[in-house]
Protein chains: 2
Amino acid sequence: MSKAEALPLTEAEVRPCCPPLNERPLTAEEADEAAAMFKALGDPIRLRLFSQVASHVDGEACVCDISDVGVSQPTVSHHLKKLREAGLLTSERRGTWVYYRVTPSVMASLARSFSISG
Amino acid sequence: MSKAEALPLTEAEVRPCCPPLNERPLTAEEADEAAAMFKALGDPIRLRLFSQVASHVDGEACVCDISDVGVSQPTVSHHLKKLREAGLLTSERRGTWVYYRVTPSVMASLARSFSISG
């Protein structure tokens, strides 16, 4: 399955989140959108889970693939849901498991936030 | 004044914060360090302030340069302090004002977090 076919994407999921932070002051709307993503990554457990999904073979992982990060499976699922709600992960149920992958465009969009402009 | 002379930097300020998030699962220690930065950027007002400093002429700004983001000056100062504590900004008092600039290496380190590895 290609990344493009992973899931129907919402507009919020495919829209690049943010201009380079050193290009010009962000507008309130841009800041709201980007801050929601950073906030989701601003928890060590969530960041480790994001990293596990992002680095997993084929770029996707289910809860069954997640290594122990010191929290219960319901807590893992809760954090994965938060990452999905922030537009960082997409999910798809296949049989017993829900599979997560990094939303296409998210890595590039966030890298762009920190690219040196000008 | 060159960036290198802006302030004596602590080890935490100059050390690259994080490997690419899709390279391998972050360790707990790496996640703690990177999540602290993302958490600081995970507030829309702080993110706008960071963007104002990062995009200001010469790459530095004092509170006197900050455009209205809808909060009081003490609140602006509080948020700038949080950004400094997270290692995202450095500060230097010159005369009446404290000047802030983005910590050298921070933009590159965070861009690297989202670079596509492999």
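In this predicted model, chain B holds an open sheet of 3 strands, lined up in the order β1-β3-β2 with antiparallel pairing. The edges of the sheet belong to β1(B) and β2(B) (89–94), and each of them has a single partner strand, so one side of each goes without a neighbour in the sheet. The strands don't line up perfectly: on average, neighbours are turned by 30° against each other, direction ignored.

Looking at the pairs one by one, β2(B) and β3(B) (residues 97–102) run antiparallel and share 6 bridges. Two residue pairs help to trace this match: B:L89 has B:V102 of β3(B) as its bridge partner, and B:R93 sits opposite B:V98 in β3(B). The hairpin that β2(B) and β3(B) make has 2 residues between the strands, and B:G95 in this hairpin takes a positive phi near 65°. On the other pairing, β1(B) and β3(B) are antiparallel too, over 3 bridges. Here B:E60 finds its bridge partner in B:R101 of β3(B).

The sheet also has a helix lying against it. Helix α4(B) packs on the sheet and touches β2 and β3 of chain B, its direction making about 125° with that of β2(B).

Helix α4(B) (residues 73–85) has a helical partner as well, namely α3(B) (residues 44–55): the two pack at an angle of about 75°, with 10 Å between their axes. Angles from 65 to 115 degrees count as roughly perpendicular, so that is the word for how α3(B) sits relative to α4(B). On the α3(B) side, the contact is made by B:I45, B:R46, B:L49, B:F50 and B:V53, while α4(B) brings in B:V76, B:H79, B:L80, B:K82 and B:L83. Sorted by class, this contact has 7 nonpolar residues, 1 polar residue and 2 charged ones. The spacing of such residues along a helix has a simple background: an α-helix has 3.6 residues a turn, so residues three or four places apart point the same way.

Next comes helix α5(B) (residues 106–113), which is mostly covered, with 6 of its 8 residues buried. Those buried residues are B:V106, B:M107, B:S109, B:L110, B:A111 and B:S113. What does the covering of the buried residues of α5(B) include? The list takes in α5 of chain A, along with α2 (28–41), α3 and β3 of chain B, and with α5 of chain A in it, the cover includes a helix of the other chain.

One residue of this helix, B:V106, is worth following up. B:V106 belongs to helix α5 of chain B, and its relative accessibility is 1%; buried means under 20%, so B:V106 counts as buried. Leaving out residues up to four places away in sequence, B:V106 touches B:M37, B:F50, B:G87 and B:L88. Of these, B:F50 also appears in the contact of α3(B) with α4(B). B:V106 and B:L89 are 17 residues apart in sequence, and their C-alpha atoms are 8.6 Å apart in space.

Two loop residues have backbone angles of some interest. Phi of B:D58 is near 70°, which is a positive value in a residue other than glycine. B:D58 lies in the loop between α3 and β1 (60–62) of chain B. Is B:D58 buried or exposed? With a relative accessible area of 64%, B:D58 is exposed. Over in chain A, phi of A:S105 is near 90°, again positive in a residue other than glycine. A:S105 is placed in the loop between β3 (97–102) and α5 (106–113) of chain A, and at 30% relative accessibility A:S105 counts as partly exposed.

As for chain A as a whole, there are 5 helices and 3 strands, and from the N terminus on they follow the pattern α-α-α-β-α-β-β-α. Chain A has 118 residues, and 48% of them count as buried. Among its contacts between residues at least 6 apart in sequence, 63% join residues at least 24 apart.

Finally, how do the two chains relate? A rotation of 180°, with 0.0 Å of shift along its axis, superposes chain B on chain A with an RMSD of 0.0 Å. That is the relation of a two-fold axis. Of the interface residues of chain B, 100% are also interface residues in chain A, so the copies meet through the same surface.

Note on methods. Residues numbered from 1 in each chain as written. Chains lettered and ligands numbered in written order. Predicted model: local features only at pLDDT ≥ 70, side-chain atom pairs only at ≥ 80, totals over all residues. Heavy atoms only, no water. Axes fitted to C-alpha atoms, helices over the stretch in contact; angles between N-to-C directions. Helix = DSSP H or I, 4+ residues; strand = E, 2+ residues; numbered from the N terminus. Parallel < 35°, antiparallel > 145°, perpendicular 65-115°, else oblique. Contact = heavy atoms within 4.5 Å. Nonpolar A, V, L, I, M, F, W, Y, C, P; charged D, E, K, R; others polar. Buried < 20%, exposed > 50% of the residue type's maximum accessible area, 1.4 Å probe, protein only. Pairing = 2+ DSSP bridges. Least-squares fit on C-alpha atoms with pLDDT ≥ 70 in both.
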